[in-house]
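Colleague: I have just opened a new model and would love some help reading it. Could you take me through it one feature at a time?

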Amino acid sequence: AYLKSASWKAKRQAIYQRALTNANSNNRFGICELCGYAPFKNCLQVHHKTYARVGKEHLDDLILLCPYCHKKAHNK
């Protein structure tokens with residue numbers, strides 16, 4: 001339910017915007033904040049660096065990752 005909430009959608013959008021701003025990019029799909037991948041389709045995922053504040057996370061608790069870096073973050 002939380003991942004469908006307006007609060008999560010706003011945080012998710014803020015993470016996409018942060019990634020674009022930090023990379024000084026106009027790629028409409030965002031930029032992986034670890035490897036810099038700029039996809040040609042929407043495949044980036046918001047990752048929780050910590051689950052200590054899920055539902056009340058700070059933006060610093062989240063990072064935008066490509067699928068490869070996201071799997072790597074979860075040791076898969």
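Colleague: Let's begin with charge. How far apart are the mean positions of the positive and negative charges of the chain?

Modeller: Keep in mind that this is a predicted model. To read this feature, take the mean position of each kind of charge and compare the two places. Here the chain has 13 positive and 4 negative charges, and their mean positions lie 10 Å apart.

Colleague: And how many salt bridges does a search of the whole structure find?

Modeller: The idea is to look for a side-chain nitrogen of Lys or Arg within 4 Å of a carboxyl oxygen of Asp or Glu. The search finds three such pairs. One of them joins Glu 57 to Lys 11, with 2.9 Å between the closest N and O atoms. Glu 57 sits in the loop between strand S1 (45-48) and strand S2 (62-65), while Lys 11 belongs to helix H1 (residues 6-22), so this salt bridge ties together parts that are 46 residues apart in sequence.

Colleague: Are Glu 57 and Lys 11 buried or exposed?

Modeller: For that, check the relative accessible area: a residue is buried if the value is under 20%. Glu 57 has 5%, so Glu 57 is buried. Lys 11, at 15%, counts as buried because its value also falls under the 20% cut-off.

Colleague: Which side chains meet in another salt bridge?

Modeller: Arg 18 and Glu 33 do, with an N to O distance of 2.9 Å. Arg 18 is in helix H1 and Glu 33 in the loop between H1 and S1, 15 residues apart, so the pair links distant parts of the chain. Arg 18 is partly exposed at 22% relative accessible area, and Glu 33 is partly exposed at 25%.

Colleague: What about Asp 61 and Arg 53?

Modeller: Their side chains meet in a salt bridge as well, at 2.7 Å from N to O. Asp 61 is buried, with a relative accessible area of 5%, whereas Arg 53 is partly exposed, with 35%.

Colleague: Now for the whole chain. What pattern does the chain follow along the sequence?

Modeller: Here you list helices and strands in order. The chain has two helices and two strands, and they follow the pattern α-β-β-α.

Colleague: Why does the radius of gyration agree with a compact globule?

Modeller: You compare the chain's value with the one expected for its length. A compact globule of 76 residues would have a radius of gyration near 11 Å, and the chain has 12 Å, which agrees. Buried residues make up 34% of the 76 residues.

Definitions and conventions
Residues are numbered from 1 along each chain as its sequence is written. This is a predicted model: local features need pLDDT of at least 70, side-chain atom pairs count only at pLDDT 80 or more; totals for chains, interfaces and linings use all residues. Side-chain values use heavy atoms; hydrogens and water are left out. Helices (H or I, at least four residues) and strands (E, at least two) are DSSP runs, numbered from the N terminus. The radius of gyration is taken over C-alpha atoms; the globule rule is 2.2 Å times the number of residues to the power 0.38. Buried means under 20% relative accessible area, exposed over 50%, partly exposed in between (1.4 Å probe, protein chains only). Lys and Arg count as positive and Asp and Glu as negative; His and the chain ends are not counted. The place of a charge is taken as NZ of Lys, CZ of Arg, CG of Asp or CD of Glu.
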